[in-house]
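Open the model in your viewer and keep the selection tool at hand. We will go from the interface to the cores.

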Protein chains: 2
Amino acid sequence: MDVRALETLRAVRSQGGVTAAAGVLHLTPSAVSQQLAGLTRDAGVALTERVGRGVRLTAAGEALADAAVDVAVALERARTACAVFQDGPTGTVRVAAFQSGAWLLFPRLLTRVAARGGIELRCSDEDVAQRAFAALTDSHDLVVAHRPEDGEPGWGEGVRVVPLLREPLDVALSVDHRWADRASLTPADLADEDWISVRTGFPLARALADVGLRSDTTPRVVQRINDFHVVEALVAAGHGIALLPRFACGGHPGVRLVPLAGARAGRQVDVLVRPDVAERRAVAVVLAELVAVAAEIGGGPGLRPG
Amino acid sequence: MDVRALETLRAVRSQGGVTAAAGVLHLTPSAVSQQLAGLTRDAGVALTERVGRGVRLTAAGEALADAAVDVAVALERARTACAVFQDGPTGTVRVAAFQSGAWLLFPRLLTRVAARGGIELRCSDEDVAQRAFAALTDSHDLVVAHRPEDGEPGWGEGVRVVPLLREPLDVALSVDHRWADRASLTPADLADEDWISVRTGFPLARALADVGLRSDTTPRVVQRINDFHVVEALVAAGHGIALLPRFACGGHPGVRLVPLAGARAGRQVDVLVRPDVAERRAVAVVLAELVAVAAEIGGGPGLRPG
DNA sequence: GCTGTCGTTGTAGCGTCACTGCATGGACGT
DNA sequence: ACGTCCATGCAGTGACGCTACAACGACAGC
């Protein structure tokens, strides 16, 4: 029973298909298929079953994929076991984050990690839908993801979740808006406004719908923009209002953030990491620094990154 | 980091050398050496160091060998994970035991396992010194070993120990001996007798020395025979007396076993199994049957195998 | 001190195995 | 009904690990 094949099986599960798994493994789909065939032969039971034009893991496949994670963890522990006998944690760590999270965290994180020395950070921002965050753990060591705070915390199977911070969502108004000077706003106040939201399937889309539920209305979404800086520009120009995270936004001079009263709106920012990757000392160090950065930001709501 | 190489490192530790490890792995010493070299390159630290004309594991090597056991366990769990989705436990299990243990346990064990079906037993008797028992776990799934009951229970590193039974040691006399009809004997009674013991380094050699200590004498050993049936034949012919285990001996018509009073003498019978091998369902079943057989024997001291 | 032997380490040759590329078959959407 | 996408099977090729052989170092005996 080959470890590479087990890793492949795990990738097929998290990526949801042979071709996608081949992508993150830097292989051809044919190679993945052959590894699965060999693994199935070793296991003696079917591990995948065809569903439509794709494949899905059987119950046995799921169990084996779970076991594959344990194998990977044990292997990584083995690497760590002899790594302590040499120098400190070293190597490159690949970190992915959604844009506003990247804007909020990466500058401080890079500073702190550079100060420690020995670890090279490879940061990248990824604009993916809610369900796609877990799959990023195949190509990145640490994945900073966000979700509605009241949503289920289920990110996916075989992925460890480390909470970073809860970020309140404020109402972003143009400074020329009639309520720009209000200390707070209720859902009822916002019933008849033009809204700028994000694309459906992305974490903050549901947060706005939840706010609408409080006033028994459906928010009138006139634009769907994912990049918050673009949203800010639109809000400043008076093209609508938006729900924006407090820490990551608010720098635009033409935009005012007003807290929401009578409704609890927020997003939860988590770090996703595969258990085996988490065993790497360098990854553990970066994760700890990430938590520290989040504590700094969450502790003082007015803080800016840098 | 290859799992084969990790397994090789573990074998080098338990076998105490490259050539011996190559033997149990069915490889040439050159292949083992190359695997070690590759593993050392991956680890970044020296895993072995030369001592005399052999090698020894460094601290890093020991740590990595420990981790290798965990990897093997995880891999075996993976196999078991999908094995539950097919049929019951199956396969062949290799069991080794010292001679008198084999005589005592194998017949009943074979009967019980055959009654379950699906598992093929490959039994063998091994006459090795105390320290060599642990190394047998590389070539056998289960190893039945024995040791003086008051000795340290340390069998070796990375091996799981399951106690089977404690077996008292009685004094074996010829039926013509002047004390053959005594109900019990004290160490002082035996101070001036000719003894038949086992070869030095074997478990029961120390038990006799301990009995001698109780009477402040050194037992006069006139023969050293490892096979208890040969010992019985010599005792019956009046060539000396011996310390023999109660359950495994006593069938000879010319020999009488007399309990020892005033001194507690016994041997402890254990099963040695590698943690990864213990994960195999078939091995676990056989181990459970072995424990059951031992309970039968230990429960009624007069029982004979069959 | 020299020699014989044992055990580990390096090198050339070879076999095996896994991956690439391409072709095939099935399933969904237009 | 056709095109597209995805998974799978098959031949070719490359790399990797093993065997066989040779060399070096270390211990024991004369």
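The stops below start where two chains meet and end inside the protein.

This is a predicted model: local features need pLDDT of at least 70, side-chain atom pairs count only at pLDDT 80 or more, and totals for chains, interfaces and linings use all residues. Residues are numbered from 1 along each chain as written, chains are lettered from A in the order written, and side-chain values use heavy atoms, without hydrogens or water.

**Stop one: the interface**

Select chain A and chain B. Here 21 residues of chain A are in contact (heavy atoms within 4.5 Å) with 21 residues of chain B. The buried area (accessible area, 1.4 Å probe, lost on being put together, summed over both parts) is about 1800 Å². Carbon and sulfur atoms give 80% of that area.

Now pick Met1(A), Cys82(A) and Phe85(A). They lose the most area to chain B on the chain A side, together 28% of what that side buries.

Look for salt bridges (Lys or Arg side-chain nitrogen within 4 Å of an Asp or Glu carboxyl oxygen): the count is 0 between these chains.

**Stop two: the core**

Select Val93(A), Phe133(A), Leu142(A), Val144(A), Leu164(A) and Val286(A). Of the 72 residues in the largest nonpolar core (buried Ala, Val, Leu, Ile, Met, Phe, Trp, Tyr and Cys joined through side-chain atoms within 4.5 Å; buried is under 20% relative accessible area, 1.4 Å probe, protein chains only), these touch the most other members.

Centre on Val144(A). Its contacts include Phe98(A), Leu105(A), Asp270(A) and Leu290(A).

Last, select Leu6(B), Val12(B), Ala63(B) and Leu75(B). They are among the 56 residues of a second, separate core.

Methods:
Buried area is the accessible area (1.4 Å probe) that two parts lose on being put together, summed over both. Buried means under 20% relative accessible area, exposed over 50%, partly exposed in between (1.4 Å probe, protein chains only). Lists of a residue's contacts leave out its neighbours within four places in sequence.
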